[in-house]
Amino acid sequence: MPPSTSPLVRVAAQFGYDLDETSLLTDPGVPATDTQAARLCAILIEHASTINDPDLRYTISQDPDYVHGIAADAATAIERAYRAVAVLLSTAVSTGAARLLTPGGSRAAVASPWRPGVVRIAGAHGGPYPCQIWQAGWNGWARPRFTRDIVARLMADLDEDWRRSGQHPDSLAGQLLEDGNVLLFHDEGVQEVIHPDDDDMFAVGTGTWTWEEWPE
C-alpha cells in the first residue's frame with residue numbers, strides 16, 4: 001500500500017487493514033462524528049509513538065492498575081484510542097471501506113473469520129496491541145494475529161519488561177528473525193517458530209498465551 005498522509009489510514013494498517021477513508025466519509029450509514037473521533041484518536045496514537053524517551057515509553061505502557069496519575073491516564077487514553085479505531089474498522093469492513101491487507105495488495109474482509117480488536121497479555125506489561133481476533137476463543141482467551149510491525153513492538157516490549165524485572169513475564173519473550181519468521185521461547189527451553197500466514201500476519205501466542213481483549 002502506498003504511503004498515506006492520513007493518520008487514520010496508517011493506524012488502520014497497524015490492524016492489518018487497507019482503509020478507504022474517502023469511501024467511509026461519504027457513506028451515509030456511518031456517522032460523521034464516529035469517523036472524526038477515530039481520526040483524532042489516530043493522531044493521538046501516532047503522537048504517542050513518537051516519544052523517544054525509553055523510560056517514559058515504558059511507564060506509559062504499564063498496566064493502569066499499577067501506575068497512577070498522568071501515566072495511568074495516558075495508558076488508558078491510548079487503549080481507548082485504539083479501541084475507537086477498531087470499532088470504526090468493524091463498521092468499515094461491513095461496508096466494504098476496509099479490506100484485509102495482503103502481500104499482494106488487499107482483498108475483501110466481509111467473509112473473514114477475523115475482526116479488528118485490541119489486546120494485552122494478562123499479567124504482563126506493554127501494549128495495547130492492535131490486531132485481528134479469530135471469532136472463536138481459546139479457553140476464554142482471545143486468539144489474535146498481528147502485522148509484522150506490531151510483532152516487532154510486542155517482542156521489544158516483552159524483552160524490555162524482562163530486562164527491567166530480571167525475569168520473564170508470564171508470557172515468555174521471543175524475537176523477530178531476519179528471515180521474517182518469529183521465534184518464541186517457552187518453558188524448559190522449548191522453542192517455537194511462527195511463520196506468517198497468507199495475509200502476512202502472525203498468530204503469536206494464539207492458543208498458548210493468555211491474550212485478553214480490551215475492554216473485556
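**Entry 1: the four-stranded sheet**

In what order do the four strands of the open sheet run? I read the order as β6-β5-β4-β10, with antiparallel pairing. I am working on a predicted model, and I keep that in mind throughout. Next I looked for the edges. They are β6 (144-145) and β10 (211-213), and each of these pairs on one side only.

I then went to the pair β4 and β5. Strand β4 covers residues 114-121 and strand β5 covers residues 129-134. Six bridges hold the two together in the antiparallel sense. For the register I noted one facing pair: Trp114 stands opposite Trp134 in β5.

**Entry 2: Cys131**

I stayed in β5, since Cys131 lies in that strand. Is Cys131 buried or exposed? I found a relative accessible area of 0%, so Cys131 is buried.

I listed what Cys131 touches, leaving out residues up to four places away in sequence. A run from Arg115 through Pro116, Gly117 and Val118 to Val119 is on the list. Pro144, Arg145 and Phe146 are there as well, and so is Phe15. Pro144 and Arg145 fall in the range of the edge strand β6 (144-145). I also checked the backbone spacing to Phe146. The C-alpha atoms of Cys131 and Phe146 are separated by 5.0 Å, with their positions 15 residues apart along the chain.

**Entry 3: cysteines and disulfides**

I looked at Cys41 next. Its relative accessibility is 17%, and therefore Cys41 counts as buried too. How many disulfides are there? The count comes to zero. As a reminder to myself, a disulfide is a covalent bond between the sulfur atoms of two cysteines.

**Entry 4: the three-stranded sheet**

I moved to the other open sheet I had marked. Three strands make it up, in the order β1-β2-β3, and the pairing is antiparallel. β1 (17-19) and β3 (105-108) are at the edges. Each has a single partner strand, so one side of each is left without a neighbour in the sheet. Direction ignored, neighbouring strands here are turned by 45 degrees against each other on average.

What do β2 and β3 form together? They form a hairpin, with two residues between the strands. β2 spans residues 98-102, runs antiparallel to β3 and is joined to it by four bridges. I wrote down two facing pairs. Leu101 stands opposite Ser106 in β3, and Thr102 stands opposite Gly105 in β3. In a regular strand the side chains alternate between the two faces of the sheet.

**Entry 5: helix α1**

Where does α1 lie with respect to this sheet? I found α1 across β1 and β2, running at about 160 degrees to β1. Within α1, I noted Leu8, Val9, Val11, Ala12 and Gln14 as buried. Just after α1, Gly16 takes a positive phi of about 95 degrees.

I then measured nothing by hand but took the computed axes of α1 (residues 7-14) and α3 (residues 32-49), which come within 8 Å and cross at roughly 75 degrees. That angle makes α1 roughly perpendicular to α3. On the α1 side, Pro7, Leu8, Arg10, Val11 and Gln14 make the contact. On the α3 side, Thr35, Ala38, Arg39, Ala42, Ile43, Ile45 and Glu46 do so. I sorted the residues of this contact: seven are nonpolar, two polar and three charged. Leu8, Val11 and Gln14 sit in the contact and are buried as well.

**Entry 6: positive phi in two loops**

I checked for positive phi at residues that are not glycine. Asn139 has a phi of about 50 degrees. It lies in the loop between β5 and β6. At 65% relative accessibility, Asn139 counts as exposed.

Asp200 has a positive phi of about 65 degrees, and it is not a glycine either. Asp200 belongs to the loop between β9 (191-194) and β10. Is Asp200 buried, exposed or partly exposed? With a relative accessible area of 27%, Asp200 is partly exposed.

**Entry 7: the whole chain**

I closed with the totals. The protein has six helices and ten strands. Of its 216 residues, 43% are buried. I also looked at contacts between residues at least 6 apart in sequence: 59% of them join residues at least 24 apart.

Notes
Residues are numbered from 1 along each chain as its sequence is written. This is a predicted model: local features need pLDDT of at least 70, side-chain atom pairs count only at pLDDT 80 or more; totals for chains, interfaces and linings use all residues. Side-chain values use heavy atoms; hydrogens and water are left out. Two strands pair if DSSP finds at least two bridges between them. A disulfide is a pair of cysteine sulfur atoms within 2.5 Å. Buried means under 20% relative accessible area, exposed over 50%, partly exposed in between (1.4 Å probe, protein chains only). Axes are lines fitted to C-alpha atoms, for helices over the stretch in contact, and angles run from 0 to 180 degrees between N-to-C directions. Angles under 35 degrees count as roughly parallel, over 145 as roughly antiparallel, 65 to 115 as roughly perpendicular and the rest as oblique. Contact means heavy atoms within 4.5 Å. Ala, Val, Leu, Ile, Met, Phe, Trp, Tyr, Cys and Pro count as nonpolar, Asp, Glu, Lys and Arg as charged, and the others, Gly among them, as polar.
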